[in-house]
Amino acid sequence: MGSYILRRLLIGIPVVWGVATIVFFLLRILPGDPAQLMLQSTGGNAAQIARLRHNLGLDQPILVQYGHYLVGALHGDLGISLRNNIPVTQEIRDQFPATLELTAAGMLIAVALGMTLGVVSAVWQHTWIDSLSTIVAMFGICAPSFWLGLLLIFFFSFRLGWFPATGTWGWAHLILPAVTLGTGAASVIARLVRSSMIETLGQDFVVVARAKGLSQSAVTLRHALKGALIPAVTLIGLQFGSLLGGAVIIETVFSRQGVGHLAVTAILAKDYTAVQGIVLFVAIAYVVVNLLVDLLYGFLDPRIRYS
Amino acid sequence: MLARADHQGERDVERAVSLGMAERRRASRWQLFWHSYTRSKAAVVGGGVLVLLILTAIAAPRLEPYDPLGVSPALALGSPVVTHPFGTDEYGRDVLSRVIAGSQISLTVGALAVIFSVTFGTGLGLVAGYTENVVDSTVMRLIDMLLAFPGILLALAIVAGLGASTINVVIAIGVGGIPVYARVTRGSVLSAKREPYVEAGRVVGCSAPRLMVRHILPNVFAPVLVLATIGVAFAILTGAALSYLGLGIQPPRAEWGLMIADGQNYLNDAWWISTFPGIALALTVLSVNLVGDGLRDSLDPRSRRR
């Protein structure tokens, strides 16, 4: 297991380096002068643009900029936000807990809802329960998350008054955003669990369990579900990474604090440094999550770590 | 001479018979696909709805009852009535007309983004899979790094650099889709290049580009086509999400994500402004997904009953 962990970590390092490199060059090879774009709204003159370019280090050779950027990133220095003149790292540190809370809650709902829908669909295959579950799952996949969030706000906040429509802290402010975020992932998980369970329920060991006289719930939950879990765990892990990206939209819908909301604000304000730092941070978090999923997968399935 | 003519006649008949059999074989492959596709009611319904949506988008200017950009302050925030079945927005613009106009933009953005992804992704995958050398390794490492970005984040970063406009949204979404098509194509090419017909092509002197494009690509395109169909759904949703965030199509153009964002401020008093574009968006994505599922099941030989 130790060598498997080491192998995965070693593979992860060049991916993280590659992500950092792509983020750096992405915002530099695209057309347009960042300093000019940032001062566009205030109408900066040539001298102001030149001073801003110097402050940002944009007047230096590209490889020198790249070197400073990598060294800074390794030390946790992602530059200074131009909107409010504070370190980007501090901005992210202040906002990330809210995003993490939302992502974790969304994941919890996705797993609970997705597993339930998937198991129910598989056990009652080809019945109205299966059809209803499929329709709910398709709706979750096809409905845009921002529209779903607004629907939930309309019904549960404005009409019923059960939950607040906006805000960040407190469990009441978390329910609607987490349900919105988790619904799409729940639908994907439900479809996979359904097909995985159907395959497992057709296997010989399930027939034996039934022949031994075990109840349907014992056969399903104690025996069949375990076999269906391995592909589901991989998908759940990957969905966690996707939820990080989905949080960008949900935080805007519900006016929540968070890294996603920060990213959108920075982009609209053309805060070049902040955009670079936030994108890098979220991308690395995504790589780390996928790495942890790989390690968990290797732990659950010995065939993977010995292959 | 007469005997030679008889032999020639026999050869002509044989050739005509074999051509006819080939024609029947070609026809039956499409028939087989159609028969397999139409077995799924969901795929048929999805296909029908999608065709309707495409026709609506094409004929949008003729179908819109009002000018989608026409402002009427006196009619602002009007609820759905017979003259305005989907109500009016905060500027008195007819929501139904804007939903119809929005279908053009959403479907165009979705289709163009996928064409972009498929063109570059398939090209990269074809070259990487065929060469299997340092080019392959370089391309695949680059793909792995692009795949390290969560879905919408890469699109956001690109739009941040390029600026918000229709073509930039297409590029932003398109770049994000390249890795998937590159990977799938490469995987298919790796096994296809070992087939006898490829070896035969090399023996008769086909150049590598000709082999890749004329012979290998048509035989590996089926999974790409299925992915592309489902990719259109994702591209439409991402385009709408970018517009919702204010980073995609700009006002006053009628785009579904933008309309949902505009309606958010009036959700309590005028729920229809956000609701109908959302329904249109969900319906479009659903129909594309159903068509994609139908294509996948039809083109996968394991699911086709003979």
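Trainee: What makes a residue of chain A count as buried, and what share of the 307 residues is that?

Mentor: A residue is buried if 20 or more other C-beta atoms, placed from the backbone, lie within 10 Å of its own (exposed means 12 or fewer, partly exposed is in between). By that count, 41% of the 307 residues of chain A are buried. Keep in mind that this is a predicted model, where local features need pLDDT of at least 70 and side-chain atom pairs pLDDT 80 or more, while totals for chains, interfaces and linings use all residues. Residues are numbered from 1 along each chain as its sequence is written, with chains lettered from A and ligands numbered from 1 in the order in which they are written.

Trainee: How many helices and strands does chain A have?

Mentor: Chain A has 13 helices and zero strands. Both are DSSP runs numbered from the N terminus: H or I over at least four residues for a helix, E over at least two for a strand.

Trainee: What makes the crossing of α5(A) and α8(A) right-handed?

Mentor: A crossing is right-handed if the near helix is turned clockwise from the far one by less than a right angle, and left-handed if anticlockwise. α5(A) passes α8(A) in the right-handed way. Their axes come within 5 Å and cross at roughly 35 degrees. Those axes are lines fitted to C-alpha atoms over the stretch in contact, with angles from 0 to 180 degrees between N-to-C directions.

Trainee: And which kinds of residue make up the contact of α5(A) with α8(A)?

Mentor: There are 25 nonpolar, five polar and two charged. Nonpolar means Ala, Val, Leu, Ile, Met, Phe, Trp, Tyr, Cys or Pro; charged means Asp, Glu, Lys or Arg; the others, Gly among them, are polar.

Trainee: How many residues of chains A and B are in contact?

Mentor: 34 residues of chain B meet 35 residues of chain A. The test is that C-beta atoms, placed from the backbone, lie within 7 Å.

Trainee: Which helix gives the most to the side of chain B that touches chain A?

Mentor: That's α6(B), with nine residues. The whole of that side of chain B divides into 24 nonpolar, eight polar and two charged.

Trainee: Why is α6(B) called mostly covered?

Mentor: Eleven of its twelve residues are buried, among them G151(B), L154(B) and V159(B). Just after α6(B) comes G163(B), with a positive phi near 100 degrees.

Technical notes
Two residues are in contact if their C-beta atoms, placed from the backbone, lie within 7 Å.
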